[in-house]
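Q: Please take a close look at the ligand site of this structure, and follow it outward to the elements that surround it.

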Amino acid sequence: MPDTTLPDTWDARAKSASFFGFTDLPSIEARGTVVLTHGEGPYVIDTEGRRYLDANSGLWNMIAGFDHPGLTKAAQDQYARFPGYHAFFGRMSDQTVMLSEKLAQVSPFDGAKVFYTNSGSEANDTMVKMLWFLAGAEGQPQRRKILTRGNAYHGVTVVSASMTGKPYNSVFGLPLPGFLHLTCPHYWREGRPGETEAQFTQRLAAELEEVIAREGADTIAGFFAEPVQGAGGVIPPSEGYFDAILPILRRHGIPVIADEVITGFGRTGSMWGSESYGFVPGAIIASKALTAGYFPMGAVILGPELADRLQRATDAIEEFPHGFTASGHPVGCAIALAAIDLVETDLLARVQALTPAFEAGLARLAEHPHIGEARSRGLMGALEAVKDKATKTPWEGHLSVSERIANTCTDHGLICRPLGQSVVLCPPFILTEGQMDEMFTKLGTALDAVFEGLA
Ligand SMILES: *Cc1c(COP(=O)(O)O)cnc(C)c1O
């Protein structure tokens with residue numbers, strides 16, 4: 001029976017029955033929700049027929065755009081063949097086996113092993129459980145602390161939220177005890193007056209030494225880092241950062257986990273962000289672009305040393321008691337196989353080809369008197385707004401300056417994301433040069449309009 005009490009606009013219907021997460025409620029009260037029906041290349045289209053160039057690839061993940069025929073065909077074919085299965089009890093789909101082989105092959109590891117989840121948060125949670133399991137099995141049950149950095153984003157489950165270095169998690173009473181946050185390696189914002197970038201990097205290395213000495217190396221289970229911090233506001237590390245800190249962690253026997261949920265599969269111009277920064281971690285956390293956003297899936301890709309140690313620990317109790325119902329879902333695996341193939345044969349080269357124009361576009365907009373810093377690596381970038389460029393003074397928080405910029409962009413058919421006082425750009429890898437021009441032109445117009453309004 002039709003429910004005649006239902007409100008009759010998409011906006012009202014969205015608000016009446018959906019509980020919003022990571023959404024500024026006053027903004028949607030004032031501006032309404034955007035309800036989308038489909039996509040074309042890098043564009044998404046809403047229920048009113050309005051088109052938006054999505055300069056954020058959805059949430060960093062839709063690297064092949066919103067209607068890639070090869071990816072939808074991989075999904076359709078696999079749904080027709082075998083639409084679902086788990087990976088428990090020694091059974092798994094053939095697609096799952098093939099994807100593990102493929103991930104091991106494209107990983108920086110010789111002898112990788114892969115464990116599947118449904119999201120990046122779950123993959124980070126799984127990795128922490130693996131490290132805790134390992135510590136107990138190797139006779140070091142006290143080795144449970146996890147090191148991450150301020151501004152890190154590792155997800156929203158209880159453990160991955162504890163790893164995330166954002167103040168908003170205090171509303172949940174998080175982080176849990178034992179999750180320690182080091183200084184964010186953002187020289188422009190965190191550097192002290194008169195401190196060179198090299199001195200800043202050395203200060204962060206010294207901080208790491210101090211934290212390890214204070215806590216005890218044998219109480220620390222692992223160090224997790226995004227090669228480029230994503231949801232923190234696109235923050236590439238300071239010059240020499242990983243070269244300075246990795247030997248310290250290695251010397252103390254602390255595993256290094258690269259959270260490559262954003263940087264994996266080409267975003268920084270290499271297959272892996274860790275590759276862009278010249279290091280091989282102990283394990284890689286993948287999700288987002290793994291399926292080009294066409295299926296929810298995450299993966300822990302273990303390097304050989306952690307894989308061997310975990311295998312020994314598991315052999316001793318005959319079973320690793322962990323897994324998700326949809327782990328290694330055959331449709332997700334079939335899509336991921338097609339997506340990785342696409343990255344290898346086409347998309348990675350496109351990122352490399354587009355990067356100079358992307359950097360030039362950001363640099364041009366950074367000349368604006370109210371843009372304090374442009375930062376990027378590959379096809380992920382951010383512009384940070386400031387009230388005063390010389391002193392790096394931010395705008396008053398109540399002005400919501402980055403939200404104003406993003407809202408003005410939306411009004412002009414461009415989706416980009418406000419993060420702190422920054423605006424983030426991470427377009428799909430299939431972007432054309434013409435679409436890149438459209439992105440920067442619309443953003444430039446929005447910056448002029450917003451800063452003029454604030455002057
Ligand atoms: C998005 C993200 C996650 C969390 O992934 P979900 O699939 O949203 O749980 C973890 N780490 C990083 C670096 C991310 O960007």
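A: A polar contact is here a pair of N or O atoms within 3.5 Å. The model is a predicted one, and the account begins with the ligand. A polar backbone atom of tyrosine 153 meets this definition, as its distance from a nitrogen atom of the ligand is 3.3 Å. The side chain of aspartate 259 also takes part, with an N or O atom 2.8 Å from a nitrogen atom of the ligand. An oxygen atom of the ligand, in turn, lies 2.9 Å from a backbone N or O atom of glycine 120. The protein buries 84% of the 380 Å² that the ligand exposes when taken alone.

The shell as a whole may now be described. Around the ligand stand Ser119, Gly120, Ser121 and Asn124, then Tyr153, His154 and Gly155, and further along the sequence Glu226, Asp259, Val261, Ile262 and Lys288. By class, these residues of the shell comprise 6 polar, 3 nonpolar and 3 charged. The element that gives the most to the shell is helix α6, residues 120-137, which supplies 3 residues.

Helix α6 leads from the ligand to another part of the protein. Two packed helices are described by the angle between their axes and the distance between the axes. For α6 and helix α12, residues 304-317, the axes come within 10 Å and cross at roughly 65°. This crossing of α6 and α12 is left-handed. On the side of α6, the contact is made by Met127, Met130, Leu131, Phe133, Leu134 and Ala137, and on the side of α12 by Leu306, Arg309, Leu310, Ala313, Thr314 and Ile317. The contact of α6 with α12 holds 10 nonpolar residues, together with 1 polar and 1 charged.

Two details of the backbone complete the description. Most residues other than glycine have a negative phi, and most peptide bonds are trans. The peptide bond from leucine 174 to proline 175 is instead cis, with omega near 10°. Proline 175 is placed in the loop between α7 (158-163) and β6 (179-182). Valine 234, although not a glycine, has a positive phi of about 50°. Valine 234 is found in the loop between β7 (220-225) and α10 (241-251).

How values were computed:
Residues numbered from 1 in each chain as written. Predicted model: local features only at pLDDT ≥ 70, side-chain atom pairs only at ≥ 80, totals over all residues. Heavy atoms only, no water. Near = heavy atom within 4 Å. Polar contact = N/O pair within 3.5 Å; in protein donor to acceptor, adjacent residues only side chain to side chain. Areas by Shrake-Rupley, 256 points an atom, 1.4 Å probe, with all protein chains shown as cover. Helix = DSSP H or I, 4+ residues; strand = E, 2+ residues; numbered from the N terminus. Nonpolar A, V, L, I, M, F, W, Y, C, P; charged D, E, K, R; others polar. Axes fitted to C-alpha atoms, helices over the stretch in contact; angles between N-to-C directions. Left-handed = near helix turned anticlockwise from the far one by under 90°. Contact = heavy atoms within 4.5 Å.
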